[in-house]
Amino acid sequence: MSDPTTLPAWQALRENRRQLTDVSLRALFRDNPQRFNQFSLQLDELLFDFSKNLLTEQTLSLLSELADQTGLRTRIDALFKGDKVNTTEGRAALHTALRNRSKRPVVLDGQNLMPQIEQVLKQMGDFSDQVRSGAWRGYSGRPITDIVNIGIGGSDLGPLMVTEALKPYASDNLRCHFVSNVDASQLCETLKPLNPETCLFLIASKTFTTQETLTNAYSARHWFLSQAKDEKHIARHFVAISTNPERVVEFGIDPVNMFEFWEWVGGRYSLWSAIGLSIVLAIGKDNFAELLSGAHLVDEHFRTAPWTENIPALMGLIGLWNANFLGAESQAILPYDQYLHRFPAYLQQADMESNGKSITTQGKEVNYTTGPIIWGEPGTNGQHAFYQLIHQGTRLIPCDFLAAANSQNPLGEHQQILLANFLAQSEALMMGRTAAEAQQEMENTGLSAAEIERLLPHRTFPGNRPSNSFLYRRLDPKTLGMLIALYEHKIFVQASIWQINPFDQWGVELGKQLAQKILPLLTGESTIGTHDSSTCGLIERIHRLRE
């Protein structure tokens, strides 16, 4: 495919952007009382409102044309069919197969994957039943009370986010902990209050060679054996989630306690696989099935719906419009739902590791903006931290607001106040405040004319800041599965149009390789290095500070 910026639809979108230069969202809402109805969609009980974006029906039509001209439908079909869409590694990306709740086969290299997927799901469910019921006991005969998931990246962020989001559905008898950082402080602080007799460690590593994960795993093993003494007890307290049985056995884990996943499961798309074992242990196999069902519902919607009715496609196209035509460099994820407090961090990896690319699938350097910076915090905390920049700063920052109509913890007026803020912030970003409105407000408070004149520029702001709103009945497993899948497919849509591969992460590998070369210089195993003067100077200073 040719450079997307040369396509007729891209050129027409540039002209459409020029036509909207002096158009305000305030005016678009004023002139079209049906704007919300025209620019919102519902899937099951989830509402997606995109009416507060600076676009018109013509914009959406042109974005749909761009999707067609870039072959998006073909790319979607290739994703679901198991084509090797991860072109640099020659792999399929079949995370959708992991949550396939239909009877439809998913064939890769002539083999239907569904029987092995269902087998691992059953293994996870059976194991979870044993642990949750207390039938699985530690070496001293006591039931498991604490699960410690040791992983990093996709082996940590997804399961951590989901277990936090679905705490109301978790077992009262099991506590979940997550260790990812190679900084020993995280592991030590996690283990301090725990008892080796009642701990179950999940070592989550695709290759079972990840430096951070294996360092933490061996330290946890040493901590465990310092009390359990006998290595045979490892079998009751350590399980592996991996594709590498040889390294699992070398660690000392019984291969019976290994949960398999496959090369076609990308790390940041792996929570649906055995990597989600901590989720199954936390919320049970039935709730995990609901999580999968929500994602599958979105998969079917994404696979079949026309662009103007396709929520993840529109999320991707509108994000592309904001980035490539309106000049936005970042996107804020703002859940007005405390249980989603790790959702922005999860999406940071999902989006920035996927689409943080500047080389096309044809090996050419791009000349247009690709992946946005993803960031955010829960509302209402963010309102008292960084919303000021979104409202009146010099940067355009599109926002996604997410909220449940009903709280998992109804208490007084809390949910009404939370939702009032959820609604007010997106309206304020869209509307802004005119000079006349600011002046009237200050006059009503009795300020003098001189004070009003002095303060007026500071209390006036333009609005026209774009946002999407997601509203759902309650954050349950099915709804969470829907939300995650919506963002996964949004990322894929943008990657497809930008012609980049969202399933590799070669930039991450360089730092890992250099760290392996630097480590011997820090441990004293080597004194010879070929690094730059800054790195050498820092190494020398570290040695001095350790003396």
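This is a short chat about the cysteines and cavities of a predicted model.

Q: How many disulfides turn up in the whole structure?
A: Zero, and that's for a search of the whole predicted model.

Q: Why no bond for C176?
A: The closest cysteine sulfur, in C199, is 11 Å from the C176 sulfur, so that's too far for a bond. The cut-off for a disulfide is within 2.5 Å.

Q: And what's the nearest cysteine sulfur for C199?
A: That of C176, 11 Å away, and C199 is in no disulfide.

Q: Is C199 buried or exposed?
A: Buried, with a relative accessible area of 0%. C176 is partly exposed, at 27%.

Q: OK, switching to voids. How many cavities of 30 Å³ or more are there?
A: Three in the whole structure. The largest cavity holds about 90 Å³ of space, and the second largest has a volume of about 70 Å³.

Q: Which element gives the largest share of the lining in the largest cavity?
A: Helix 15, with three residues. Strand 10 (330–336) and helix 21 (477–498) each supply at least two as well. Among the lining residues are E329, W498 and Q494.

Q: How do those lining residues divide by class?
A: Five nonpolar, five polar and one charged.

Q: What about the second largest cavity, which helix gives the most there?
A: Helix 15, with four residues. Strand 12 (399–404) and strand 13 (467–472) each put in at least two. The lining includes D400, K490 and M315.

Q: And what's the class split for that one?
A: Four nonpolar, six polar and two charged.

Terms used
Residues numbered from 1 in each chain as written. Predicted model: local features only at pLDDT ≥ 70, side-chain atom pairs only at ≥ 80, totals over all residues. Heavy atoms only, no water. Buried < 20%, exposed > 50% of the residue type's maximum accessible area, 1.4 Å probe, protein only. 1 Å grid on protein atoms, 1.4 Å probe; cavity = no way out; pocket = protein on both sides within 12 Å on 5 of 7 lines; lining within 4 Å. Points joined across faces, edges and corners; volume = space filled by probe spheres on them. Nonpolar A, V, L, I, M, F, W, Y, C, P; charged D, E, K, R; others polar.
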